[in-house]
Amino acid sequence: MSRLIKSFSLAAALLVAGLSSAANAAFDIQKVTSDNGIEAWLVEDHANPIIAMNFAFRGGAAMDPADKGGLSNLAASLFDEGAGDMDSQAFHGQLEDLGIGFGLSADHDAIRGHLKTITANRDTAFSLLALALSKPRFDAEAIERMRGQILADLAHQQQDPDAIAGRALTKALYPEHPYGRAVEGTEDSVKQITADDLKAWPAHRLGRDRLIIGVVGDITPEQLKPLLDSSFGALPAQADPIEVPEVQAAATGKVEIIRRPIPQSVVLFGQQGLKRTDPDWYAAYVMNYILGGGGFSSRLMTEVRVKRGLAYGISTGLSPYQHGALFDGGTATRNEKTAQSIALIRQEWQKMAEDGVTAQELADAKKYLIGSYPLQMDSTGSIAQILVAIQMDNLGRDYLERRSSLIQNITIDDIKRVARKLLDNKSLLFVVVGEPSGL
Amino acid sequence: MSFARRLAAAAGAFLLIAAPAAQAQMFNPETFTLKNGLQVVVIPNHRVPVVSHMLWYKVGAGDELPGKTGLAHMVEHMMFKGTKLVPAGAFSKIVAQNGGRDNAFTTADYTAFYQDVAVDKLDLVMKLESDRMANLKLDDKDFQPERQVVLEERRMRIDNEPEALLEEQMTAQLFEVSPYHHPVIGWKQEIEGYKLADVVEFHKRWYAPNNAVLILSGDVTVAQVKPLVEKYYGAVPARPVPPRLREPEPEPMAARSVTLRDPDVHQPSWNRSYLAPSYHQGDTTMAYPLQVLAEILGGGTTSRLYKSLAVEQKLAATADAGYGAEALGMTSFDISVSPAPGVAMEQLVPAVEAELKKIADAGVTEEEVARAKQRLTISVSYARDSFHTGPRVLGSALASGGTIAQVEDWPNRISAVTAAQVSAAAKAVLQEQRSVTGLLLPTRPGDPVPDEEQRAQRSLGSFGREMR
């Protein structure tokens, strides 16, 4: 089994946080605009006969009506469940027989999609996508089956201490905001969603004005253009406006304990973070690496795991949303030592806020965050994901070239200032699931 | 599933998603062997100027001695705790300071260490990795906290998770004689009992160049890496390594069942594992047909189990089948289902068993086999996309008794499978007396309990949280 650190990151929002940048001269990101004005970013790579396309529509589950939480998630799950004259079995049969990967999903801020195919099946893959987006069936059988699967998954989460803790943390930090609700909704809200809700959903949400596309692999701009039009051309020009309020985390400094008869307490913690557009993003990003983001090199890992054997892993991360942001982390410690782990986390929080980092720590962090960038570029799909993430956060097509210097320019004083402003030991909120003693 | 089997299944799944059009070669690797016996495999991939440097040792939890379960994994952890040249804890920091990532993992059959770095850092990581093969130098003050880390890992992965505890018990019942009986991470009281000398001795016994495979994947060529490999790894002398024993299981005589009841279970599940041949033990001619069978039974939304149980009968929320052929010893063929909301286990279980009986009795159709083979082989087209896929697939195969030729020939072997072979394999393996059934159930009163037939079987285990 792996020594990999268990990730506790709350949102898939690490996205761009996760990208590093540097020796990327290998990538030429082309902007491709179809005849009908649909725009995509493209990295051509003809080494293998594979094409990957990732796309996203701005506006996600946070827009779901409060009494119909989970609407976007359930609707997205139905786009590979039948379209046009193909029912679920016929549609999945085509995808599976031809080795085509396709599906939609929802997160708080976006509806995301992916398509992956070998070049030989390119036209079929894109025509299945076009059919799914223009003529989804929303058959009663598929709706009830997907609803049942989501309800089963929600039930399953109730027996998973990590999931229980994750739910409780976001709920505590965002008590009144959609970010505090689960993307999947609740048992009650999922049952409220009707077939009419689902059938109406695409016209409100999947607008071309919200669309972001990244394509990587064995395809030329001229080949891509007509496929963009056939895939996305039938979507409405405009979707509903995104009306999600801006929110600050309700970080109260409390420790919430959820009793469960398990030998190890799961500990999650969080406070207000920084949005991706914040001018101090890079200083916070480097600071996080040193405090708890940097795997075996971080301060928290050294104190909690290496020196004392209190946990298998501990990590922190910046979790930005479009309308708010968290700085959060997690670990898991045997019940009788949980209080000690929490004290150590608080101590390191305070120390970083007061003293910042050393020159050596800063230099090491920069070397890692810049040097490890190309490791992200692992597959056509992972690069396509990155192209979408850069557009989602409006970082610009030259972002990958600029990223190294954005990190390189961070000084010890920048980190000291940002750590003092951001890290607040008194507000840092903990959720503990288990039978901790001494708390 | 045990860790071992989960990982074996994961390796199988890798092939499913990774696996190029039939007849094509998978990875086209080049290989050479040093005088000291270290096999080196190079898989060029020039998209970005990085390389994955991965060293696989042919030793895992299946090579441990009684009373010292989990020691292979403990040694993996201690490999980061210092050599004559590199102080404890410095290994990963040096890699990170050079813009790289590193980690390691252990299964029942192998232990692997890797670093992903820019090509110009390959020299550095070879120096570090060959150093800890030859010069591990450990101190008890680093060992004691690391033992606690491993115990926390066990709590996190197993003791806190009802599904994992159930799997651990199922595995212990399925493999009665084979060393796959015990969990890869080890039994808790045995983890608590190791001495540092055990770690040192295990490392000395198994961590030899002639017992390892080095895989380099990325922006490199053989001509470029050969001098480096000879310089660093060539200096480590070969030494005798013990044989790897995987005692064959006696023919199973009775169906077994294990029930785990837990107050926090909200979504129950029914799991079954059948003792099955692998590439290397038992009737190995079944290894490819069983992969096709797993695809027919559990491969996606149009598979037999999902189509029948979730789509047509509306009884299941999930229905999966899995088989990992890659094990030195016997392996398992696994089924797992969970009920749709409002469906009682008494309704679901007979329907699952009927599907399994149907395929064992009546076999599969030519059309099903043709489609499954197409699905498996088309996925090979993606094999060369990520520079991580090749090392994982080749490394796990070479470290558990396979050859490069076997991996490269996988699409052709799958294409050659016939419907008659799949039907025969289903009949031979899907027999109840070869199986362990695992039920995960809530403890609340009034909830469904195993039916009469299951109770009549040899019920070996039923335990709750108090045992922990």
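Which strands of chain B does helix α4 lie across, and at about what angle does α4 run to β3(B)? In this predicted model, helix α4 (residues 122-134) of chain B lies across β3 and β5 (111-118). Its direction is at about 15 degrees to β3(B). A second helix, α14 (residues 389-399) of chain B, lies across β2 (39-44), β3, β5 and β6. Helix α14 runs at about 165 degrees to β6(B).

These strands belong to an open sheet of six strands in chain B. The order is β1-β2-β6-β3-β5-β4, with mixed pairing. Strands β1 (30-33) and β4 (101-106) of chain B stand at the edges. Each has a single partner strand, so one side of each is left without a neighbour in the sheet. On average, neighbouring strands are turned by 15 degrees against each other, direction ignored. Within the sheet, β3 (residues 50-57) and β6 (residues 212-218) of chain B run antiparallel and are joined by seven bridges. B:V51 has B:G218 of β6(B) as its bridge partner.

Chain B also touches chain A. The contact takes 64 residues from chain B and 62 residues from chain A. On the side of chain B that touches chain A, the elements giving two or more residues are α2 (71-78), α3 (90-97), β4, β5, α5 (140-159), α11 (304-312) and α13 (366-378). Helix α5(B) gives the most to this side, with ten residues. The residues on this side of chain B comprise 23 nonpolar, 23 polar and 18 charged. Edge strand β4 of chain B is thus among the contributors to the contact with chain A.

Methods: Residues numbered from 1 in each chain as written. Chains lettered and ligands numbered in written order. Predicted model: local features only at pLDDT ≥ 70, side-chain atom pairs only at ≥ 80, totals over all residues. Pairing = 2+ DSSP bridges. Helix = DSSP H or I, 4+ residues; strand = E, 2+ residues; numbered from the N terminus. Axes fitted to C-alpha atoms, helices over the stretch in contact; angles between N-to-C directions. Contact = placed C-beta atoms within 7 Å. Nonpolar A, V, L, I, M, F, W, Y, C, P; charged D, E, K, R; others polar.
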